[in-house]
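Visitor: I'm new to this one, so please pick a single part and take me through it slowly. Start wherever you like, and then show me how that part fits in with the rest.

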Amino acid sequence: MFGAVVSALVLFVLSGLATPEPEPVRHGLVVAVAVLCVLRDAGVVSFPLPQNARQVPQDVLRRDVARGALQFGFEMGTGVRTYVSSTVPYVLVVALLLTAPDAVTAVAAGVGFGLGRALTPTARYASGDGETWDAALHKHVHGIKVAAGLSVAAALAFLLFGTT
Amino acid sequence: MSEPPAVLRRGLTHPVTPLVLVPALVALVLAGWAVAVWAVLGGLAGYTLSGSV
């Protein structure tokens with residue numbers, strides 16, 4: 001979670017670079033990107049997205065389990081030391097960069113991201129049958145991505161255009 | 001290994017839990033619903049990475 005908050009705060013700082021552009025333009029771009037990303041996750045369009053595509057090396061856990069687990073969680077939480085298999089995190093990055101929210105909002109998004117990532121191993125463990133849970137995830141992961149992308153696009157459209 | 005409900009109960013009743021949850025809830029209420037929506041957006045983005053390592 002700490003890693004995700006750090007990433008969110010970096011985006012918050014960088015978002016200042018986008019503020020010279022008019023707000024309606026920036027907000028319109030965010031919603032357009034969100035819709036495009038839903039289409040990508042749905043398989044309607046295809047285009048590459050930048051990613052590090054590298055796991056945190058396993059040896060960080062071998063040296064010292066407690067410290068290694070913290071390092072593993074931090075690096076994975078930043079979202080730049082992992083495989084990004086969904087387009088939705090990119091929408092969040094673009095939204096944070098172009099809407100220039102306040103620091104509290106950026107931290108909230110980072111905490112949410114960390115909790116969302118932690119939900120997977122927590123739910124898997126709570127299911128009591130990891131292999132069955134993995135199979136169910138594999139079966140539904142496409143629908144999860146599309147549904148989450150649609151929800152994010154709708155929420156951003158409402159946040160950026162519905163409340164003004 | 002403890003059963004999940006036991007783990008959940010132990011976590012929710014841990015003496016430190018209110019120190020984390022109460023300030024978080026107060027901060028969320030003070031910050032407003034829009035901030036909570038951003039947290040949910042972040043959560044959805046994180047959850048879609050299920051299965052990614």
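Guide: Let's begin with two helices of chain A, H2(A) and H5(A), which run roughly antiparallel to each other; that label goes to angles over 145 degrees, while under 35 counts as roughly parallel, 65 to 115 as roughly perpendicular and the rest as oblique. H2(A) covers residues 23–41 and H5(A) residues 88–99, and they pack at an angle of about 180° with their axes 9 Å apart. The axes are lines fitted to C-alpha atoms over the stretch in contact, and the angles, from 0 to 180 degrees, are taken between N-to-C directions. Helices here are DSSP runs (H or I, at least four residues), strands likewise (E, at least two), and both are numbered from the N terminus.

Before going on, a word on what you're looking at. This is a predicted model, in which local features need pLDDT of at least 70 and side-chain atom pairs count only at pLDDT 80 or more, while totals for chains, interfaces and linings use all residues. Residues are numbered from 1 along each chain as its sequence is written, and chains are lettered from A and ligands numbered from 1 in the order in which they are written.

Back to the pair. On the H2(A) side, the meeting residues are A:Arg26, A:His27, A:Leu29, A:Val30, A:Val33, A:Ala34 and A:Cys37, and they face A:Val88, A:Tyr90, A:Val91, A:Val94, A:Ala95, A:Leu98 and A:Thr99 in H5(A). A contact means that the C-beta atoms of two residues, placed from the backbone, lie within 7 Å. Sorted by type, this contact holds 11 nonpolar residues, two polar and one charged. (Ala, Val, Leu, Ile, Met, Phe, Trp, Tyr, Cys and Pro are nonpolar, Asp, Glu, Lys and Arg charged, and the others, Gly among them, polar.)

Take A:Val33, which sits in helix H2 of chain A. Leaving aside neighbours within four places in sequence, A:Val33 touches A:Val91 and A:Val94. A:Val33 counts as partly exposed because it has 19 C-beta neighbours inside 10 Å; 20 or more would be buried, and 12 or fewer exposed.

Now look at what else H5(A) does. Its axis comes within 7 Å of that of H3(B), crossing at roughly 145°. Here A:Val88, A:Pro89 and A:Leu92 meet B:Leu41, B:Gly42, B:Leu44 and B:Ala45, a set with six nonpolar residues, one polar and no charged. A:Val88 therefore turns up on both lists, facing H2(A) as well as H3(B). A:Leu92 touches A:Ala109 and A:Phe113, plus B:Leu41, B:Gly42 and B:Ala45, not counting residues up to four places away in sequence.

Step back to the whole meeting of the two chains. In total, 21 residues of chain B are in contact with 36 residues of chain A. Helix H3 of chain B (residues 33–47) gives the most to the chain B side, with 13 residues. That side divides into 14 nonpolar residues, seven polar and no charged.

H5(A) also matters for the largest nonpolar core, which has 36 residues, those with the most contacts inside it being A:Val91, A:Leu92, A:Ala109 and A:Val152. Such a core is a set of buried Ala, Val, Leu, Ile, Met, Phe, Trp, Tyr and Cys residues joined through C-beta atoms within 7 Å. H5(A) gives its largest share, eight residues. Two or more residues each come from H1 (2–15), H2, H5, H6 (103–127) and H7 (130–162) of chain A, together with H3 of chain B.

For a look at H6 of chain A, try A:Thr105, which lies there. A:Thr105 is buried, with 24 other C-beta atoms within 10 Å. Apart from neighbours within four places, A:Thr105 is in contact with B:Val35 and B:Trp38.

As for the full cast, chain A has seven helices and zero strands, and chain B has three helices and zero strands. Buried residues make up 32% of the 164 in chain A and 25% of the 53 in chain B.

Finally, confidence. The mean pLDDT (the predictor's confidence in each residue, from 0 to 100) is 82 for chain A and 79 for chain B. Within chain A, H2(A) comes out highest, at 93, and helix H4 (residues 65–77) lowest, at a mean of 69. In chain B, H3(B) is highest, at 88. The model as a whole scores ipTM 0.77 and pTM 0.75.
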